[in-house]
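Please look at the sequence and the model below, and keep both in view while reading this report. It treats the contact between the chains first and turns afterwards to charged pairs within each chain.

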Amino acid sequence: MKRRTLVGTMLAAPLAAALPGIARAEVGSILNASYDISRELFAAINPAFAEAWKARSGSDITIEQSHGGSSRQARAVLEGLQADVVTFNQEVDIQILHDRGNLIPADWKQRFPHDSSAYYSLPAFLVRAGNPKNIKDWDDLVQDGVQVLFPNPRTSGNARYTYLAAYAHALDKNGGDEAAAEEFAARLFANVPVFDTGGRGATTTFVEREIGDVLITFEAEVNGIRREYGEDRFEVVIPTSSIEANFPATVVDAVVDQRGSRDVATAYVEFLYSPEGQTILAENYNRVRDEKVIAQFADRFPPVRLFTVDEVFGGWAKVNEVHLAEGGVLDRILVGR
Amino acid sequence: MKRSALPGFGLSLGLSLTYLAVIVVLPLAALVLKAVQLGPSELLAIITGPRALASYRVTLTMAAASTLFSGLYGLLLAWILVRYDFPGRRFLDALVDLPFALPTAVAGLALTALFAKNGWFGSVLEPLGLQVAYAPAGIAVAMAFTSFPFVVRTVQPVLEDLDPDAEEAGRMLGAGDLSIFWRVILPMVLPAWIAGCALGFARSLGEFGAVVFIAGNLPYETEVTALLAFIRLEEFDYAGAAGLACVMLAAAFVMLSVTNLLQARWLRFTGKD
């Protein structure tokens, strides 16, 4: 935290002043800073964990939730938000806690199984009832007259996965031709009528404003929207290929050491891997790691060919450098739009 | 200096300046400091990048459009509120302040719902080929919503002070309605009106909450500078965000300075110095 910026400090001061107010002399509560669309998921997980923790340690625990865009949450933690646990939708947002704030060790990914991701999802499609434009796969999205909705990849981790999934699909189809993949992504972006700043905003635009023929967001969210807004109004389409979106979690060392909450925070992350935690995750349409739970929910998760960021793009650092950096591939596509 | 109820001049001025420094100057200084860290060439590259330039164009033209509307409509509303008594006048008067109090994101959501193609206004406008939501026009609408109270609230007190005798005198001397308006009312109201418009314009430049919901946020088309600064923050690019914020700060500052200058000149000209 040595290099904390002046602006950062100014933003952090009110937060830091407000939070100890929720007095935590003896650790009675921990804070889980999470991404935007996980609110309902953790609302289901937290009471289950509190019960398990009570059975194990005999003490009560409250888990406070804070939700927002994944990157914005990471920034809040960097600037002093006292989160014991972070559960984000992107590795880069956790990595930044090491790179910029030194709040966690460099080897954070190795601390829990599966690169610290207890569950994952993938970009999938939501179309209107009857699938009037007959959308089955990525190639159907770049046709003329199809309107595609997803948030701005510049402000939404969710949309960055959409971009990568489309790019990986085109790369695969064109035998690794980068120029063809870029052109495909450009055609996809040309079909986007509106960029919202986050996943939930795009959902509102698609559902309430009735803009667009297809909404692309995580499989978990796609199913949630259909359940929430009417199973007769929307259909879920899982493309033949997509990209694996890991949802990593970690304990924020700098915070738990100061607050003495390491045990409970660690148990919280581990709970995500327990059969009970995995069941709740799967019930919320997240793909999980536990074989038994996978078998139990097999009908919910059709098989998909999944690319990973590491194998297709050579890791997130490379993605940042080649695709997301100023003047990178994504910028070229947005300019050409 | 007369003795006043508040404690001595020294103490009250000292406290005021201290608070002003803590609340306004310090955060702005931090912002400028952050941008200065970049070095001139890098800063220049950030604030003259093609996307930044496109965002200035969108922001400025839409702010101008919204100011044109709020200027005319605000003047009209102020006139009605001051000169006529009708049932519900006080309520209308209170309503004007609502955009100040309402979270702008709520306003943005409400406007988007109205102007989207399945909304009350949108369902009428879109078949006519007028797209407002998710188009540049939507930005102007959102800006007008948050900035018209500035015009009303600056013009209103001046209109209230306006002496009906002056108008009457004009009439006695044989002036028509139009000429009374041009030569008696307008000159008195103009400085306040310009000030109100300038405040509204400055506010429009920085409007974010209401705009991002209705704009569609397409780079180069409907992306305002405030959103671009937000995007830079989201990319952990604090310096880039600070650079853009400084441009907006400078624009607002220049706007207000020019208005003050204009107003001062005008006051001297009309002998009300």
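How many residue pairs in polar contact does the rule find across the interface of chain A and chain B? In this predicted model, the rule finds six such pairs, counting those in which both residues have a pLDDT of 80 or more. On the side of chain A that touches chain B, at least two residues each come from α1 (6–18), α3 (70–78), α4 (91–99) and α17 (329–336) of chain A. The largest share of that side is supplied by α3(A), with five residues. Sorted by class, the side of chain A that touches chain B holds 13 nonpolar, six polar and 13 charged residues.

**The extent of the contact**

Chain A brings 32 residues to the contact, and chain B brings 30 residues. The area buried between chain A and chain B is about 2,800 Å², and carbon and sulfur atoms give 57% of it. Of the area that chain A buries against chain B, Arg75(A), Arg154(A) and Arg209(A) supply 22%, which is more than any other three residues. The rule also finds one salt bridge across this interface, and in it the side chain of Asp331(A) meets that of Arg51(B) at 3.6 Å, N to O.

**Salt bridges within the chains**

Over all chains, a search of the whole structure finds 22 salt bridges. The table lists some that lie within a chain.

| Acidic residue | Basic residue | N to O distance |
|---|---|---|
| Asp253(A) | Arg111(A) | 2.9 Å |
| Asp139(A) | Lys173(A) | 2.9 Å |
| Glu167(B) | Arg83(B) | 2.8 Å |

In the pair of Asp139(A) and Lys173(A), Asp139(A) lies in helix α6 (residues 138–141) of chain A and Lys173(A) in helix α7 (residues 157–173) of chain A, so the salt bridge ties together parts that are 34 residues apart in sequence. Asp139(A) counts as partly exposed because its relative accessibility is 25%, and Lys173(A), at 47%, is partly exposed.

In chain B, Glu167(B) belongs to helix α9 (residues 164–172) and Arg83(B) to helix α3 (residues 50–83), so their pair ties together parts that are 84 residues apart in sequence. Is Glu167(B) buried or exposed? Its relative accessibility is 15%, so Glu167(B) counts as buried, whereas Arg83(B) is partly exposed, with a relative accessible area of 27%.

Asp253(A) and Arg111(A) also belong to a network of salt bridges that links them with Asp257(A) and Arg262(A). Within this network, Asp253(A) counts as buried at 10% relative accessibility, while Arg111(A), at 27%, counts as partly exposed.

Terms used: Residues are numbered from 1 along each chain as its sequence is written. Chains are lettered from A and ligands numbered from 1 in the order in which they are written. This is a predicted model: local features need pLDDT of at least 70, side-chain atom pairs count only at pLDDT 80 or more; totals for chains, interfaces and linings use all residues. Side-chain values use heavy atoms; hydrogens and water are left out. Contact means heavy atoms within 4.5 Å. Buried area is the accessible area (1.4 Å probe) that two parts lose on being put together, summed over both. A salt bridge is a side-chain nitrogen of Lys or Arg within 4 Å of a carboxyl oxygen of Asp or Glu. A polar contact is a pair of N or O atoms within 3.5 Å; within protein, one must be able to donate a hydrogen and the other to accept it, and residues adjacent in sequence count only if both atoms are side-chain atoms. Helices (H or I, at least four residues) and strands (E, at least two) are DSSP runs, numbered from the N terminus. Ala, Val, Leu, Ile, Met, Phe, Trp, Tyr, Cys and Pro count as nonpolar, Asp, Glu, Lys and Arg as charged, and the others, Gly among them, as polar. Buried means under 20% relative accessible area, exposed over 50%, partly exposed in between (1.4 Å probe, protein chains only).
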